[in-house]
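The following report is meant for someone meeting this structure for the first time. It begins with one annotated residue and then moves on to the sheets and the charged pairs.

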Amino acid sequence: MGTTTDRLVNFASQVDEQTIRQAEQTAGMPFVYPHVALMPDAHFGMRSAVGTVIPTLGAVMPAAVGVDIGCGMAAVRTDFTEADIVGRDLTVLRDSIESSIPLSPGRYNRRADRFPFTAGRIEVLELLADDDGVDLLHSKNWRLQLGTLGGGNHFIELCIDDRGRVWLFLHSGSRGVGFKIAQRHIRTAQQSMRRRGIELPNRGLAYLEEGTDEFDTYLRELTWAQRFALENRAEMTDRFRQAFAHWMGVDPADAEHIEKERVLCHHNYTRRERHGGKEVWLTRKGAIDAHEGVAGLIPGSMGARSYIVRGKGNPDALCSAPHGAGRRYSRTQARKLFTTDDLAAAMTGVEYRHGDAWVDEIPQAYKDIDVVMADAAGLVEVTGELRQVLNVKGT
């Protein structure tokens, strides 16, 4: 652990003062209990530091949860090995993935019935929205968003583990519908603070109090968005699995039989947990559940290794762990520092779509994943290591 106080426990050996100050502001809120935990990949965020675990009594801060509610990872181990894919054209697989899964912000499916497994997921989400009174009028096309990637650091990868086994790996969240749900409740919280004359260190700390209609509505819609994100990743994983099966010469109708193991985890969410002897609302903003024995995924940057882990249940970390490498440079800074040629050099040996759209995602824009994992040694046990051979991103 790095800097530690009775309100803030820091696990990041590489973290700037701006991020520390942001975390200290969060930790200073009167309803935080027992303390805020700053993860090894922590970095400055728009409303609160990314890589912050925030336990609260009687209140939740929507902006601390963030706008990509339920963002997380999915990984599937197949029954194929590296030897099985040697000599196969990875560009063909990448093209197939890109034709099956819409990429980039604002790009959705043209129709919702292209794949047979989509209808069941839409039905589950419709029933959940109806049962919980979730208002989705702001996102009438949410069904067409199911099974789409988005942009930024979201990705789809074909990976090889340290035992030579082939994995399907991806990262995405709740897309436009989750964004609109988050924005609505962030505004509600901020309006409440202004109406009540409550001054805050920054607007991102605006909160909703338990026992109010606004709080209850947020928790219902937050839960729905988390479920949407989970179903979105499952939908993309099934599409990826079909594309991979076809590429391997397996009938896509039998694609489920090539799957041997699946690992799923959120890293932007709030739920009820017990910490410090009390029931709290625990917000993991860029952090994964690392209760003892819980499986998780910690991705490196584009072109770097990723890790399959098992939680150790560290109470100082609030049973949490990092969600990735964490940014070293902002997107604007990265574009000033690095070029398309730099990206190509960093991605040597990995199939990806070349161009300058992804320069801000270059591995050098992120922290060294080995340092992050060393800092997380007391939080998780590494059970597998992944290196990508194919990467797909949205702009």
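Which residues does His323 touch, not counting residues up to four places away in sequence? In this predicted model, the residues that His323 touches are Asp41, Val50, His267, Gly286, Ala287, Ile288, Ile298 and Pro299, with residues up to four places away in sequence not counted. With Asp41 there is also a polar contact, in which the side chains of His323 and Asp41 are joined at 2.6 Å. His323 itself is placed in the loop between β15 (320-322) and α9, and its relative accessibility of 12% falls under the 20% limit, so His323 counts as buried. According to the UniProt record, an unreviewed entry, the annotation "active site" covers His323.

**The sheet of five strands**

One open sheet is built of five strands in the order β1-β2-β3-β11-β10, and its pairing is mixed. Its edges are formed by β1 (8-10) and β10 (268-275), each of which pairs on one side only. From one strand to the next the twist averages 20°. Strand β1 pairs in the parallel sense with strand β2 (residues 36-43) over three bridges, and within this part of the sheet Leu8 stands opposite Val36 in β2. Helix α1 (residues 17-27) lies across β1, β2 and β3 (50-56), and runs at about 155° to β2.

**The sheet of seven strands**

Another open sheet has seven strands, arranged in the order β9-β5-β7-β6-β16-β14-β13, and here the pairing is antiparallel. Since β9 (259-266) and β13 (295-298) stand at the edges and each has a single partner strand, one side of each is left without a neighbour in the sheet. Neighbouring strands of this sheet are turned against each other by 30° on average, with direction ignored. Strand β14 (residues 306-311) and strand β16 (residues 380-393) run antiparallel and are joined by six bridges, and Ser306 stands opposite Leu386 in β16. Helix α4 packs on the sheet and touches β6 (155-161) and β16, its direction making about 90° with that of β16.

**Salt bridges**

How many salt bridges does the count come to? The count comes to 34 salt bridges, and the table sets out some of them.

| Salt bridge | Closest N to O distance |
|---|---|
| Arg353 and Asp95 | 3.8 Å |
| Arg284 and Asp289 | 3.8 Å |
| Arg335 and Asp360 | 3.7 Å |

The side chains of Arg353 and Asp95 meet in a salt bridge that links distant parts of the chain, for Arg353 is in the loop between α10 (340-346) and α11 (369-375), while Asp95 belongs to helix α4 (residues 90-100), 258 residues apart. Arg353 has a relative accessible area of 38% and is therefore partly exposed, and Asp95, at 37% relative accessibility, counts as partly exposed as well.

Are the partners in the salt bridge of Arg284 and Asp289 buried or exposed? Arg284 is buried, and Asp289 is buried too.

The salt bridge between Arg335 and Asp360 involves helix α9 (residues 331-337), where Arg335 lies, and the loop between α10 and α11, where Asp360 lies, so that the pair ties together parts that are 25 residues apart in sequence. Arg335 is partly exposed, with a relative accessible area of 38%, whereas Asp360, at 11% relative accessibility, counts as buried. Elsewhere, salt bridges that share partners join Arg121, Arg227, Glu231, Glu235, Asp238, Arg239, Arg241, Glu259 and Arg262 into one network.

**A residue in helix α8**

Finally, where does Gln226 lie? Gln226 lies in helix α8 (residues 213-247), and its relative accessible area is 11%, which means that Gln226 is buried. When residues up to four places away in sequence are not counted, Gln226 touches Ile69, Gly70, His266, Tyr269 and Thr270.

Methods:
Residues are numbered from 1 along each chain as its sequence is written. This is a predicted model: local features need pLDDT of at least 70, side-chain atom pairs count only at pLDDT 80 or more; totals for chains, interfaces and linings use all residues. Side-chain values use heavy atoms; hydrogens and water are left out. A salt bridge is a side-chain nitrogen of Lys or Arg within 4 Å of a carboxyl oxygen of Asp or Glu. Helices (H or I, at least four residues) and strands (E, at least two) are DSSP runs, numbered from the N terminus. Buried means under 20% relative accessible area, exposed over 50%, partly exposed in between (1.4 Å probe, protein chains only). Contact means heavy atoms within 4.5 Å. Two strands pair if DSSP finds at least two bridges between them. Axes are lines fitted to C-alpha atoms, for helices over the stretch in contact, and angles run from 0 to 180 degrees between N-to-C directions. UniProt positions are given in the numbering used here, feature names are shortened, and annotations may be inferred rather than shown by experiment. A polar contact is a pair of N or O atoms within 3.5 Å; within protein, one must be able to donate a hydrogen and the other to accept it, and residues adjacent in sequence count only if both atoms are side-chain atoms.
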